[in-house]
Amino acid sequence: MLCCCPDRDPSKQRNDDIEKQIVESKKTEDKIVKLLLLGSGESGKSTFIKQLRIIQGEGFDKGYRDECVKVIRSNLLQATKGILSAMAMLCIDFETKEARTESAKVLSLISNEGCDHTNTASDDLINVSAEELSDFAR
């Protein structure tokens, strides 16, 4: 009896599958744009990539956003502490007694926290209303 389909060699079939995967990978790889950003430290390379990701991409996952919130919160508290400490060192006084009292409370809360800016004291500091903030700045 004659067979219309000759048996295929398994190694030939495997080779064909691999070749097909290579062609598909090449097509996918050709669609990817690679960009090399050169610059000195603190020149904005990471910021540029993050902005591209926000504008053109899928954004950031919840875990990354939560981590960024911690970093931003820490930066805010450190900057506040630095400003209030510098004001005291340079003998720059507040316009009102209330502002002086509130700044002492804020500085005390920040100083008592140490390096951990994730506890309730920092939550209390960050969740200040806009009205309270504008009163404090006057």
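1. Let's begin with Lys105, which counts as partly exposed at 47% relative accessibility. Please keep in mind as you read that this is a predicted model. Lys105 falls short of the exposed class because that label needs a relative accessible area over 50%. The partner of Lys105 in a salt bridge is Glu102, and their closest N and O atoms are 3.4 Å apart. Glu102 is partly exposed too, with a relative accessible area of 30%. The two residues sit three apart in helix 4, so about one helical turn separates them.

2. Now look at a salt bridge in helix 3. Here Asp66 pairs with Lys62, and the closest N and O atoms are 3.2 Å apart. Both residues belong to helix 3 and are four residues apart, or about one turn of the helix. How exposed is Lys62, and how exposed is Asp66? Lys62 is exposed, with a relative accessible area of 54%, while Asp66 is partly exposed at 37%.

3. Arg100 is a good residue to click on next. Arg100 forms a salt bridge with Asp93, with 3.0 Å between the closest N and O atoms. The relative accessible area of Arg100 is 37%, so this residue is partly exposed. The backbone of Arg100 has a contact as well: its oxygen lies 2.8 Å from a polar atom in the side chain of Ser103. If you would like to hunt for further salt bridges, a search of the whole structure finds six.

4. Ser103 deserves a point of its own. You will find Ser103 in helix 4. Is Ser103 buried or exposed? With a relative accessible area of 8%, Ser103 is buried. That label fits because buried means under 20% relative accessible area. Helix 4 therefore holds buried Ser103 as well as Glu102 and Lys105, about one turn apart.

5. Next comes the nonpolar core. Which residues make up the largest one? There are seven: Leu77, Leu84, Met87, Phe94, Ala99, Val106 and Ile110. Two elements each give two or more residues to this core, namely helix 3 (62-89) and helix 4 (97-113). As background, nonpolar side chains tend to be buried together in soluble globular proteins.

6. A word on the cysteines. How many disulfides does the structure hold? The count is zero. A disulfide is a covalent bond between the sulfur atoms of two cysteines. Two cysteines to look at are Cys68 and Cys91: Cys68 counts as partly exposed at 26% relative accessibility, and Cys91 is exposed, with a relative accessible area of 69%.

7. Finally, step back to the whole chain. The protein chain has six helices and zero strands, and its pattern along the sequence reads α-α-α-α-α-α. Of its 138 residues, 12% are buried. The accessible surface comes to about 11700 Å², and carbon and sulfur atoms account for 58% of that area. Among contacts between residues at least 6 apart in sequence, 45% join residues at least 24 apart. To see one part of this picture again, return to helix 3 and helix 4, which each give two or more residues to the largest nonpolar core.

Notes: Residues numbered from 1 in each chain as written. Predicted model: local features only at pLDDT ≥ 70, side-chain atom pairs only at ≥ 80, totals over all residues. Heavy atoms only, no water. Core = buried A, V, L, I, M, F, W, Y, C linked by side-chain atoms within 4.5 Å. Buried < 20%, exposed > 50% of the residue type's maximum accessible area, 1.4 Å probe, protein only. Disulfide = S-S within 2.5 Å. Polar contact = N/O pair within 3.5 Å; in protein donor to acceptor, adjacent residues only side chain to side chain. Contact = heavy atoms within 4.5 Å. Areas by Shrake-Rupley, 256 points an atom, 1.4 Å probe, with all protein chains shown as cover. Salt bridge = Lys/Arg side-chain N within 4 Å of Asp/Glu carboxyl O.
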